[in-house]
Amino acid sequence: MTDIWLIRTDAALPGALALLDADERARAARHPDGPARHRFVTAHAAARLLTAAAAGLPPDRVRWRRGPHGRPEPDGLQGELSVNLSTAGPWALFAVEHCHEADGGGIGVDLEPVPDGRAAARLAARYYPADEPAPDAEEFTRRWTRKEAYTKAYGGRLADGLRTHAGPPGDTPGPHRLHGPLGPCTVHDLLAPPGHRAAVARTGTRPVRPRLRSYPEPEPSARPGAPAAPDAPAARDDDHRTPAARRPRP
């Protein structure tokens, strides 16, 4: 089971800044003082607390290491715990899974606001395979989140993930098997706040089985295929840009 935590990054998290390590505090300081900095601090403090709880460690014992393309993982827990964070304005998703010796699958998660139709069409034409359907902004973003979750699960380059066909169109959540340049993967669409799409991916042979939870508030009720929180605004994030603002490295 993969726990997917929906985090309200505008919420108050007492002592959040003190939980961050020196690198995280330096990154937070690069954001203007205000909502962007608060959201960064809340998201990363919550990620630390959730990682510590899953690992059975005090929060200050969690150390991060980065892969070749910047993917952070808890240091010293390789093969035991896989985690991944995605942020989008007042929201973040954090995925946690205990690894299995059989395949040691990595987890990736992505949360994105839906861009306007013209931006979606332009980006789909530029980055998606010619035979991949993306008739509207909703479908474009659904496929983008699958591709980025796939990329993050492997710790690869987004340019490689965007070349991967993201499975069948439509709102069937999955699981769907993807086969791209980084390797095989299973993806599953997730419930997301209004104006957003989200997906989780898992490497290896076992299917991903997501369990959506909420942090720190109780889990919001939602019908399948509907937004997870009816009052959520749609906003871009200052740490992870929207698809329309991203430019994959060549």
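Colleague: What is the handedness of the crossing of helix 2 and helix 3?

Modeller: The crossing is right-handed, the near helix being turned clockwise from the far one by less than a right angle (anticlockwise would be left-handed). This is a predicted model, in which local features need pLDDT of at least 70, side-chain atom pairs count only at pLDDT 80 or more, and totals for chains, interfaces and linings use all residues. Residues are numbered from 1 along each chain as its sequence is written, and side-chain values use heavy atoms, without hydrogens and water.

Colleague: Why are helix 2 and helix 3 called roughly antiparallel?

Modeller: Their axes cross at roughly 160 degrees and come within 9 Å. Angles over 145 count as roughly antiparallel (under 35 roughly parallel, 65 to 115 roughly perpendicular, the rest oblique), so helix 2 and helix 3 are roughly antiparallel to each other.

Colleague: Which residues of helix 2 and helix 3 meet?

Modeller: Glu24, Arg27, Ala28 and Ala29 in helix 2 meet Arg37, Phe40, Val41, His44 and Arg48 in helix 3, contact meaning heavy atoms within 4.5 Å.

Colleague: What span does helix 3 reach from its first C-alpha to its last?

Modeller: Helix 3 (residues 35–55) has 21 residues and reaches 30 Å, close to the 30 Å expected; the expected span is 1.5 Å times one less than the number of residues. Just after helix 3, Gly56 takes a positive phi of about 70 degrees.

Colleague: What kind of peptide bond joins Gly174 and Pro175?

Modeller: That bond is cis, with omega about 15 degrees. Pro175 lies in the loop between helix 6 (158–162) and strand 7 (176–180).

Notes
Helices (H or I, at least four residues) and strands (E, at least two) are DSSP runs, numbered from the N terminus. Axes are lines fitted to C-alpha atoms, for helices over the stretch in contact, and angles run from 0 to 180 degrees between N-to-C directions.
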